[in-house]
Amino acid sequence: MKQTISFILNGEAVEVEIEPHLTLLQVLRDKLEMTGTKEGCGMGECGACTVLMDGKAVNSCILPALEVEGKSVTTIEGLIDIQGNLHPLQKAFIEYGAIQCGFCTPGMVLSAKALLDENPKPTEEEIRNAIAGNLCRCTGYLQIIQAIKALSQK
């Protein structure tokens, strides 16, 4: 039996009818066409599916979609402003070469955003801890950390 959920997605109110067993990742990609959110492991281990729920980084592949009722969800698509400008974090990732294959990038950027929103001047250790749940198969961690650190120092 389908259920309707209502939440804020990237600043816009949405209402979607879903099967109760769906994850937030499935709803975002398959029902709402937010394909910037990636599925890597499907078990909450790799961070490719990271989105922000009420400002906190969550693994959307293991989060039941029903949990977002009344909440605010931000995907990588939600970071671009109304004029189409990239978020400063996205610009920093480009500037520091923190994007290689790009698969982990949406989750990394959103994990970094959650950190910087809570702690605008993190230490390198805090940055490493914040992105620890995000795996980069290209091993671009050094550039990712440099990008986040550089933005936090501006």
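How do the residues of the lining of the largest pocket divide into nonpolar, polar and charged? In this predicted model, the lining divides into nine nonpolar residues, one polar and one charged. The pocket itself has a volume of about 200 Å³. Its lining is made up of Gly40, Cys41, Cys46, Ala48, Cys101, Phe103, Cys104, Leu135, Cys136, Arg137 and Cys138. The charged member of this list is Arg137 and the polar one is Gly40.

Enclosed space was examined as well. Across the whole structure, one cavity of 30 Å³ or more is found, and the largest cavity has a volume of about 30 Å³. Around this cavity lie Ala98, Ile99, Gln100, Cys101, Gly102, Cys104, Thr105, Cys136 and Cys138. Six of these lining residues are nonpolar and three are polar, with no charged residues. Cys101, Cys104, Cys136 and Cys138 appear in the lining of the pocket and also in that of the cavity.

A helix pair completes the picture. Two packed helices are described by the angle between their axes and the distance between the axes. Here, helix H2 (residues 88-95) and helix H3 (residues 105-118) have axes that come within 10 Å and cross at roughly 125°. H2 is therefore oblique to H3, and their crossing is right-handed. On the H2 side, the contact is made by Leu89, Gln90 and Phe93, while H3 contributes Thr105, Met108, Val109, Ala112, Lys113 and Leu116. Sorted by class, the residues of this contact comprise six nonpolar, two polar and one charged. Thr105 thus has two roles to notice on the structure above: this residue takes part in the contact of H2 with H3 and also lines the largest cavity.

Terms used
Residues are numbered from 1 along each chain as its sequence is written. This is a predicted model: local features need pLDDT of at least 70, side-chain atom pairs count only at pLDDT 80 or more; totals for chains, interfaces and linings use all residues. Side-chain values use heavy atoms; hydrogens and water are left out. Axes are lines fitted to C-alpha atoms, for helices over the stretch in contact, and angles run from 0 to 180 degrees between N-to-C directions. Helices (H or I, at least four residues) and strands (E, at least two) are DSSP runs, numbered from the N terminus. Angles under 35 degrees count as roughly parallel, over 145 as roughly antiparallel, 65 to 115 as roughly perpendicular and the rest as oblique. A crossing is left-handed if the near helix is turned anticlockwise from the far one by less than a right angle, and right-handed if clockwise. Contact means heavy atoms within 4.5 Å. On a 1 Å grid over the protein atoms alone, a cavity is a set of points where a 1.4 Å probe fits but cannot get out, and a pocket is an open set with protein on both sides within 12 Å along at least five of seven lines; lining residues have an atom within 4 Å of a point. Grid points are joined across faces, edges and corners, and a volume is the space filled by probe spheres set on the points.
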